[in-house]
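Subject: Model for your files

Hello,

Here is the structure I said I would pass on. My notes on it follow below the entry.

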Amino acid sequence: MFDFITEEHKMIQQEARRFAQNEVAPIAEHHDQTAEFPINTVRKMGQLGFMGIEVPEEYGGIGMDTLAYSLALTEICKADASHGTVMSVNNSLYCHGILKFGTEEQIQKYVVPVASGQKIGAYSLTEPMSGSDAGTMKSRAVLNEAGTHYVINGRKSWVTSAPFADYIVLFTMTQPEQKHKGVTAFPDRDRSSRV
Ligand SMILES: Cc1cc2nc3c(=O)[nH]c(=O)nc-3n(C[C@H](O)[C@H](O)[C@H](O)COP(=O)(O)OP(=O)(O)OC[C@H]3O[C@@H](n4cnc5c(N)ncnc54)[C@H](O)[C@@H]3O)c2cc1C
């Protein structure tokens, strides 16, 4: 029974449990009450390799499988669901999406520093009036007249890690008439361009 759990799985589970119980659980109530982002422990999760568990080693991660990711995430969530949400967005929503659909250049630029824990990634789909049904998004990306870059306008909400994220994958409408099929994902690294 459970012979698919290897020694490596047990090691990452134990490491996550040790970190979660020693460093996350004691500060969880404070962060719940103050709503401060736990930047120090999030950075430590990056140093421990928890922010890019399934990302191949050549792209800054630790190259383990989904079971390893689930075991580690469960331990973090047991101590504090907020840390778990930050970790899961960084691993799954951010890194996985770019690894699957990004170019090699995008992976080098946006995944390597985030999976290795030096930077934090975020994912922005939800809007004040648009949740599960992303085809109702009101934000728009329109090409400028010269056709050189997109101008993006709209409001976003519920973006985990947003105030501290170095990079955000932003979803917005380029072809609104096509509803959910008219959505485009933009990697954004120039925070000064956001209004
Ligand atoms: C802790 C947390 C972190 C989050 N982080 C992020 C993030 O990093 N980035 C981001 O973009 N968003 C984030 N979100 C937002 C999250 O993705 C949305 O809350 C989610 O998409 C649901 O949207 P909504 O809350 O508007 O609910 P709605 O989509 O309005 O749904 C409300 C209810 O209606 C039900 N429902 C919806 N559609 C249907 C249907 N067709 N048929 C029947 N029932 C339906 C749902 O199951 C739900 O019970 C986060 C949310 C939370 C709570």
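Leaving aside residues up to four places away in sequence, E75 touches Q13, A16, R17 and A20. The model is a predicted one, so please read every value here as computed from it. E75 sits in helix α3, which spans residues 66–79. Its relative accessibility is 2%, so E75 counts as buried, the cut-off being under 20%. The side chain of E75 also makes a polar contact of 3.2 Å with the side chain of K78.

A second glutamate deserves a note. E127 is in the loop that connects β1 (121–124) with β2 (140–143). At 5% relative accessibility, E127 is counted as buried. Two polar partners turn up for its side chain: the backbone nitrogen of K138, at 2.7 Å, and the side chain of K156, in a polar contact of 3.0 Å. With residues up to four places away in sequence left out, E127 touches M137, K138, S139, R155, K156 and S157.

Next, the ligand. Its surroundings consist of Y123, S124, L125, T126, G131, S132, W158, V159 and T160. By type, this shell divides into four nonpolar residues, five polar ones and no charged ones. Three short distances between protein and ligand are listed here:

- S132: a polar side-chain atom is 2.6 Å from a ligand oxygen atom.
- W158: a backbone N or O atom is 3.0 Å from a nitrogen atom of the ligand.
- T160: an N or O atom of the side chain is 2.8 Å from a nitrogen atom of the ligand.

How much of the ligand does the protein bury? On its own the ligand exposes 990 Å², and the protein buries 38% of that.

Helix α5 covers residues 104–115, and its buried residues are I107, Y110, V111, P113, V114 and A115. These buried residues pack against helix α4 (81–101) and against the strands β1, β4 (167–173) and β5 (183–188). After α5 comes G117, which has a positive phi, near 85 degrees.

As for the chain as a whole, its secondary structure amounts to five helices and five strands. Their order from the N terminus is α-α-α-α-α-β-β-β-β-β. The radius of gyration is 18 Å, and the globule rule gives 16 Å for 195 residues; the two are close, so the chain is as compact as a globular protein of that length. Along the principal axes, the C-alpha atoms fill a box of roughly 55 × 40 × 30 Å.

Of the 195 residues in the chain, 39% are buried. Among contacts with a separation of 6 or more, 62% are between residues 24 or more positions apart. The exposed area of the chain is about 11200 Å², with carbon and sulfur atoms supplying 53% of it.

If you open the model, two places to begin are the buried E127, with its contacts to K138 and K156, and the ligand shell, which includes S132, W158 and T160.

Regards

Terms used: Residues numbered from 1 in each chain as written. Predicted model: local features only at pLDDT ≥ 70, side-chain atom pairs only at ≥ 80, totals over all residues. Heavy atoms only, no water. Near = heavy atom within 4 Å. Polar contact = N/O pair within 3.5 Å; in protein donor to acceptor, adjacent residues only side chain to side chain. Areas by Shrake-Rupley, 256 points an atom, 1.4 Å probe, with all protein chains shown as cover. Nonpolar A, V, L, I, M, F, W, Y, C, P; charged D, E, K, R; others polar. Helix = DSSP H or I, 4+ residues; strand = E, 2+ residues; numbered from the N terminus. Rg over C-alpha atoms; globule rule 2.2 N^0.38 Å. Buried < 20%, exposed > 50% of the residue type's maximum accessible area, 1.4 Å probe, protein only. Contact = heavy atoms within 4.5 Å.
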